[in-house]
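Let's take a walk through this model together, strand by strand and then into its empty spaces. Keep the 3D view open as you read.

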Amino acid sequence: MKKLIVANFKMNQTPSQTKQYLTKFIAGFTGNRADVVICPSFLSLPISTFLTQGTLVKIGAQNVNDEEEGAYTGEISAQMLKDLGVEYVIVGHSDRRIKFKETDRLINKKIKTALKNGLKCILCVGESLADRNTGKTLEVIRHQIEEDIKGLYENELESVIIAYEPIWAIGTGQNANVKDVENAAKVIRKVIFDSYSEKASRDIQVLYGGSLNEKNVGALLNCTGVDGGLFGKISLSVNNFLDIANNLK
Ligand code: PEP
């Protein structure tokens, strides 16, 4: 099965830069080795869904509001994203958990609203360095997943992807090792097994994210139980990301 690779541009790339990026990416992407989702800023979504229409490249948003609609000045709803042709949304990224104080309860609501509107959710979970140093990694991941997907029906899990993103590895150049990633993937599947079924635990897509690059991507994305990766910094270079997308082993 092909791996799923997701680019999170965060607050980088203007709409014009995204246009240039995607034009080059679409022309060079073979689609033989990986499925690709690109998550640019909200403002770049219209040009992104326009340019990728009928291509192998899928578009995701980096955030969504938990409410359907109403007096939430400055916010973007799931329905708006869906209307634009956006297929995925990242929820629970540590940038949002930490810098925007998003709680598991809010993340759970965002996931429910996104799923109701036909979006696929890429749920990020992962421990801090302090959690890791005190041996709480697996406990933290379990707790986040249990809270974040609380109340979902088993069939809804088909539209949920879980990304293990240890906070200490994001943007630091310090990636997790194969053993860390395999243990996290195992616990993610165990949580799904305990709350749902053996089938659901097998079928759920699990990604790794945190300082992935051309050198470590082969080993980390081929860990047992891992179906793909979430890329930050390296995905901002179209040449590097194309190279990864086209040559993934
Ligand atoms: C991220 O922000 O989700 C991420 C994985 O970033 P980086 O690849 O830069 O560590």
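**From the strands to the spaces**

A good place to begin in this predicted model is strand β4, residues 88-91, which is covered on both faces. Y88 and I90 are buried on one side, and V89 and V91 are buried on the other. That split fits a simple rule: in a regular strand, side chains alternate between the two faces of the sheet.

Who are the neighbours of β4? With strand β3 (residues 57-61), β4 pairs in the parallel sense through two bridges. You can find the register by looking for G60, which stands opposite Y88 in β4. To get from β3 to β4, the chain passes through helix α3 (residues 78-84), and this β-α-β crossover is right-handed. With β5, β4 also runs parallel, and here four bridges join the two strands. I90 stands opposite I122 in β5, so to speak its marker for that pairing.

Now step back towards the start of the chain. Strand β1 (residues 3-8) and β2 run parallel and are joined by six bridges; one pair to look for is K3 with its bridge partner A34 in β2. Together, β1, helix α1 (residues 15-28) and β2 form a right-handed β-α-β unit. Strand β2 itself, residues 34-39, is mostly covered, with five of its six residues buried.

From β2 you can carry on to β3, since those two strands pair in the parallel sense over three bridges. V36 has V57 as its bridge partner in β3. Between β2 and β3 the chain crosses through helix α2 (residues 45-52), and this β-α-β crossover is right-handed.

With the strands in place, let's turn to the empty spaces. Rolling a probe the size of a water molecule over the atoms shows where such space is left. How many cavities of 30 Å³ or more does a search of the whole structure find? The search finds one, and the largest cavity holds about 30 Å³ of space. Its lining is made up of G92, S94, R97, C124, V125, G126, Q144, E165 and I167. Both α4 (94-99) and β5 (120-125) supply at least two residues of that lining. Sorted by class, the cavity lining has three nonpolar, four polar and two charged residues.

The largest pocket offers about 500 Å³ of space. Its lining has 17 residues, of which K10, M11, Q62, R96 and F100 are the closest to the centre. Helix α4 turns up again here, giving the largest share of the lining with three residues. The classes divide into six nonpolar, seven polar and four charged residues.

The second largest pocket has a volume of about 250 Å³. Among its 18 lining residues, G171, S211, L212, G232 and K233 are the closest to the centre. This lining has five nonpolar, 10 polar and three charged residues.

One last stop is E147 in helix α7 (residues 137-148). Is E147 buried or exposed? Neither label fits: E147 counts as partly exposed because its relative accessibility is 25%, while buried would require under 20% and exposed over 50%. Leaving aside neighbours within four places in sequence, E147 is in contact with D104 and N108. The C-alpha atoms of E147 and G225 are separated by 22 Å, and these residues lie 78 residues apart along the chain.

Technical notes. Residues are numbered from 1 along each chain as its sequence is written. This is a predicted model: local features need pLDDT of at least 70, side-chain atom pairs count only at pLDDT 80 or more; totals for chains, interfaces and linings use all residues. Side-chain values use heavy atoms; hydrogens and water are left out. On a 1 Å grid over the protein atoms alone, a cavity is a set of points where a 1.4 Å probe fits but cannot get out, and a pocket is an open set with protein on both sides within 12 Å along at least five of seven lines; lining residues have an atom within 4 Å of a point. Grid points are joined across faces, edges and corners, and a volume is the space filled by probe spheres set on the points. Ala, Val, Leu, Ile, Met, Phe, Trp, Tyr, Cys and Pro count as nonpolar, Asp, Glu, Lys and Arg as charged, and the others, Gly among them, as polar. Buried means under 20% relative accessible area, exposed over 50%, partly exposed in between (1.4 Å probe, protein chains only). Two strands pair if DSSP finds at least two bridges between them. A crossover is right-handed if, with the strands pointing away from the viewer, the path from the first strand over the helix to the second runs clockwise. Contact means heavy atoms within 4.5 Å.
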